[in-house]
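Got your viewer open and the cartoon drawn? Let's walk through this one stop at a time, selecting as we go.

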Amino acid sequence: MKMTHVLGAVFAVTLAACTATYDDAEVTDAEETGAAEGALAVSDVAAAPAYFDHERGFTRARPGGMCGGIAGIRCAAGLYCDFAPEASCGAYDRSGTCELKPDACPQQYDPVCGCDGRTYSNGCVAATAGVSVRSAGECGPTIVGIGESCGGFTLGGPRVCGEGLYCKYAPSAICGRADASGTCAEKPEVCTKELAPVCGCDGQTYANACTAAASGTSVDARGACADAPIE
């Protein structure tokens with residue numbers, strides 16, 4: 001009987017030790033796996049070409065990241081969407097690449113037509129304004145009147161609103177990105193002093209939508225333009 005009790009006690013102790021060792025191993029493996037997954041997640045975030053701007057509610061691309069395209073991805077502050085010549089300023093849902101806006105440009109006059117339908121003295125000046133180049137030489141836009149379509153992509157070249165008008169985009173048009181067009185509307189002559197900041201399609205902050213329209217730009221988003229540093 002005594003031998004039986006001794007053997008039973010030894011077996012119980014051995015079983016408990018084995019179970020504890022197995023449980024510890026599971027916890028250790030889980031911790032190591034979790035740490036590895038955490039490290040991978042951090043690495044993925046750091047290497048990601050884009051990030052979600054929670055304050056603005058849309059995705060922003062970092063330098064070298066994809067922009068434009070069917071999703072109309074915006075670049076982070078201080079960048080602009082640069083389209084290759086064959087991309088036709090993002091026509092047919094083609095995408096571009098986010099590049100840094102130049103800090104300074106040469107005083108050389110070598111006109112180019114920007115993707116916004118405006119003529120710039122050279123490609124560098126266009127990039128400083130946050131605009132990619134559509135073609136070499138001055139723009140030759142089609143001037144359109146009130147209520148007619150403007151912006152976006154047209155095979156006949158850019159359609160620009162006439163004097164006293166501006167191209168008004170619906171929120172879903174994302175300022176003409178992804179080939180969406182707007183409609184020519186009259187620029188307001190008088191605006192209230194209401195402070196309801198909006199971010200214009202030109203990347204500038206305006207006191208309200210009316211003052212943006214008076215300056216000839218449509219509204220990109222409610223609230224001041226995001227000037228947060230690139231994450």
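Start by selecting S88, which is partly exposed, with a relative accessible area of 28%. You'll find S88 in the loop between β5 and β6. Check its backbone: S88 is not a glycine, yet its phi is positive, at about 50 degrees.

Stay in that loop and pick D93, since the loop between β5 and β6 is home to D93 as well. Here too phi is positive, about 65 degrees, although D93 is not a glycine. How exposed is D93? Its relative accessible area is 36%, so D93 counts as partly exposed, falling between the 20% and 50% cut-offs.

**Stepping back: how far to trust what you see**

Now colour by pLDDT, because this is a predicted model. The protein has a mean pLDDT of 76, and 73% of its residues reach 70 or more. Which elements sit at the two ends of the confidence scale? Helix α1, residues 2-47, has the lowest mean pLDDT of the elements, at 36, while α3 has the highest, at 97.

Select residues 1-47 next. Their pLDDT stays under 50 throughout, and the model gives this stretch 1 contact beyond four places in sequence. Where pLDDT is low, the predicted coordinates should not be read in detail. So leave that part in a pale colour and move on.

**The strands around S88 and D93**

Go back to the loop you began with and show the strands on either side of it. Strand β5 (residues 79-82) pairs with β6 in the antiparallel sense, over 4 bridges. Strand β6 (residues 95-100) also runs antiparallel to strand β3 (residues 66-68), and 3 bridges join those two.

Zoom in on T97 in β6. What does T97 partner? M66 has T97 as its bridge partner in β6, and D82 has T97 as its bridge partner in β6 too.

**An open sheet with β14 in the middle**

Next, select β11, β14 and β13. In that order they make an open sheet of 3 strands, with antiparallel pairing. The edge strands are β11 and β13, each of which pairs on one side only.

On one side of β14 (residues 182-186), strand β11 (residues 149-150) is joined by 2 bridges, running antiparallel. For β13 (residues 165-168), the link to β14 is 4 bridges, again antiparallel.

Put T183 of β14 in sticks. S149 has T183 as its bridge partner, and K168 stands opposite T183 as well.

**A second open sheet**

Now bring up β16, β15 and β17. They form an open sheet of 3 strands in the order β16-β15-β17, with antiparallel pairing. Which strands are at the edges? Those are β16 (205-206) and β17; each has a single partner strand, so one side of each is left without a neighbour in the sheet.

Look at the join between β15 (residues 198-200) and β17, which pair in the antiparallel sense over 3 bridges. Select V198 and follow it across to β17, where its bridge partner is R222. Keep both of those residues displayed, as they come up again shortly.

**A209 and its surroundings**

From here, click on A209, which belongs to helix α3 (residues 209-214). Is A209 buried or exposed? Neither extreme: A209 is partly exposed, with a relative accessible area of 40%.

Show its contacts too. Leaving aside neighbours within four places in sequence, A209 is in contact with V198 and V219. Then draw a distance from A209 to C191: these residues are 18 apart along the chain, and their C-alpha atoms are separated by 9.1 Å.

**Last stop: the second largest pocket**

Turn on a surface and look for the second largest pocket, which has a volume of about 320 Å³. Its lining comprises 15 residues, and the ones nearest its centre are P171, V198, A209, V219 and R222. That brings V198, R222 and A209 back into view.

Which elements supply at least two residues of the lining each? They are β13, α3 and β17 (219-222). The biggest share comes from β17, which gives 4 residues.

Finally, colour the lining by residue class. You should see 10 nonpolar, 2 polar and 3 charged residues around the second largest pocket.

Technical notes:
Residues numbered from 1 in each chain as written. Predicted model: local features only at pLDDT ≥ 70, side-chain atom pairs only at ≥ 80, totals over all residues. Heavy atoms only, no water. Pairing = 2+ DSSP bridges. Buried < 20%, exposed > 50% of the residue type's maximum accessible area, 1.4 Å probe, protein only. Contact = heavy atoms within 4.5 Å. pLDDT = per-residue confidence, 0-100. 1 Å grid on protein atoms, 1.4 Å probe; cavity = no way out; pocket = protein on both sides within 12 Å on 5 of 7 lines; lining within 4 Å. Points joined across faces, edges and corners; volume = space filled by probe spheres on them. Nonpolar A, V, L, I, M, F, W, Y, C, P; charged D, E, K, R; others polar.
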